[in-house]
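Me: I would like to go through this model by asking how each label is earned. Could you set every value against its definition?

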Amino acid sequence: MFPDASRTAARGWLAAGRVQVDGVVVRRGDAEIPDGARVTLGAPAPRFPSALRLVHEDDDLIVVDKPAGLLTIGTERERERTVYRLLFDYVRPTPSPSARTAPRLLIVHRLDRETSGLLVFAKWPAVKHALQAQFAARAVERGYVAVVEGRVRDDAGTLRDRIVEDPTTLRVRTGRGGREAITDYRVRERRARSTVLELRLRTGRRGQIRAQLAALGHPIVGDRAFGAPRGTRGAPLFRVFVVARFRARTKPGHRREPRRS
């Protein structure tokens, strides 16, 4: 098929899973090929986007580290520069002609544009529903680390507020009405003009950490939208100092849809 190809190139094709015999990937150069078999060379696997960091990937899901300043999914104003768009071509390669199903990129949860940290995407609807059920049942502990303005007095505490969302601007704030938001916090470190907090969500309201900390009188460093001062020493004005992380309390019990051929 490719008489001018070198042995090194052929080994690379095999290792990358590009060679198929009758629709089945072959990775060994000494594999037996039946008479009349159809041998094809697929397209190179898409590269992982450099703007993200791959934390974990398997046949069911993918976990990435999102930088601050990047949307999780598109909005009316921005559709291309998002984590979803960056991952779309990587997770959804062109399926083989014999495949009736192919992996998809399905959002399990979101992070604010200004928040960096871990994002989970499912590749199958059944996996998405199982993971979201675990988030809803709090089987997955959602934790954050934030640097806030000023010195928080109490070593630990629980914030309980109502989160109100403006239907026009979609900005959130604490106030009467709205949905209950509960966040536990613990002081990790006190600095001269700021405090490092560990936070754990009991509820998952959009923007709840930023709104609740601002209502407490300690907005996140750099979060000018919620009252952080412009002149915070050592804090870039474009960066909100909050990082998302999570861990599963129980082993995931999802079951993905079978691949059919």
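Me: What makes the link between the side chain of Thr82 and the backbone nitrogen of Arg85 a polar contact?
Reply: The side chain of Thr82 reaches that nitrogen at 3.0 Å. A polar contact is a pair of N or O atoms within 3.5 Å; within protein, one must be able to donate a hydrogen and the other to accept it, and residues adjacent in sequence count only if both atoms are side-chain atoms. The 3.0 Å of Thr82 and Arg85 lies within 3.5 Å, so the distance condition is met. This is a predicted model, in which local features need pLDDT of at least 70 and side-chain atom pairs count only at pLDDT 80 or more, while totals for chains, interfaces and linings use all residues. Residues are numbered from 1 along each chain as its sequence is written, and side-chain values use heavy atoms, with hydrogens and water left out.

Me: Where does Thr82 sit, and why is Thr82 called buried?
Reply: Thr82 belongs to the loop between strand E5 (61-66) and helix H2 (83-91); helices (H or I, at least four residues) and strands (E, at least two) are DSSP runs, numbered from the N terminus. Its relative accessible area is 1%. Buried means under 20% relative accessible area, exposed over 50%, and partly exposed in between (1.4 Å probe, protein chains only), so Thr82 is buried.

Me: Which residues is Thr82 in contact with, leaving aside neighbours within four places in sequence?
Reply: Leu70, Leu71, Thr72, Ile73 and Gly74 are in contact with Thr82, where contact means heavy atoms within 4.5 Å.

Me: On to charges: how do you know that Arg210 and Asp112 form a salt bridge?
Reply: A salt bridge is a side-chain nitrogen of Lys or Arg within 4 Å of a carboxyl oxygen of Asp or Glu. For Arg210 and Asp112 the N to O distance is 3.8 Å, so the pair qualifies. The two partners come from distant parts of the chain, 98 residues apart: Arg210 is in helix H4 (residues 208-216), and Asp112 is in the loop between strand E6 (106-107) and strand E7 (116-122). Arg210 counts as buried because its relative accessibility is 11%.

Me: What makes Glu165 and Arg206 a salt bridge too, and why are both called partly exposed?
Reply: Their side chains meet at 3.4 Å, N to O, which is within the cut-off and therefore a salt bridge. Glu165 lies in strand E9 (residues 156-165) and Arg206 in the loop between strand E12 (194-201) and H4, 41 residues apart. Glu165 has 41% relative accessibility and Arg206 has 42%, so each is partly exposed.

Me: Which residues are joined into one network by salt bridges that share partners, and how many salt bridges does the whole structure hold?
Reply: Asp112, Glu114, Arg210 and Asp223 form one network. A search of the whole structure finds 15 salt bridges. One of them pairs Arg28 with Asp30, with the closest N and O atoms 2.9 Å apart, and both residues are exposed.

Me: Back to H4: which of its residues are buried, and what do they pack against?
Reply: Gln208, Ile209, Arg210, Ala211, Gln212 and Leu213 are buried. The buried residues of H4 pack against strand E8 (140-149), E9, strand E10 (172-174), strand E11 (179-190) and E12. Just after H4, Gly217 takes a positive phi of about 95 degrees.

Me: Why is Glu149 called buried, while Gly178 is called partly exposed?
Reply: Glu149, which lies in strand E8, has 12% relative accessibility and so counts as buried. Gly178, in the loop between E10 and E11, has 43% and therefore counts as partly exposed. Not counting residues up to four places away in sequence, Gly178 touches Arg162, Ile163 and Val164.

Me: How is the lining of the largest pocket divided by residue type?
Reply: There are 16 nonpolar, 11 polar and 16 charged residues. Ala, Val, Leu, Ile, Met, Phe, Trp, Tyr, Cys and Pro count as nonpolar, Asp, Glu, Lys and Arg as charged, and the others, Gly among them, as polar.

Me: What does the whole fold come to, and what share of the residues is buried?
Reply: The protein has four helices and 13 strands, and buried residues make up 37% of its 261 residues.
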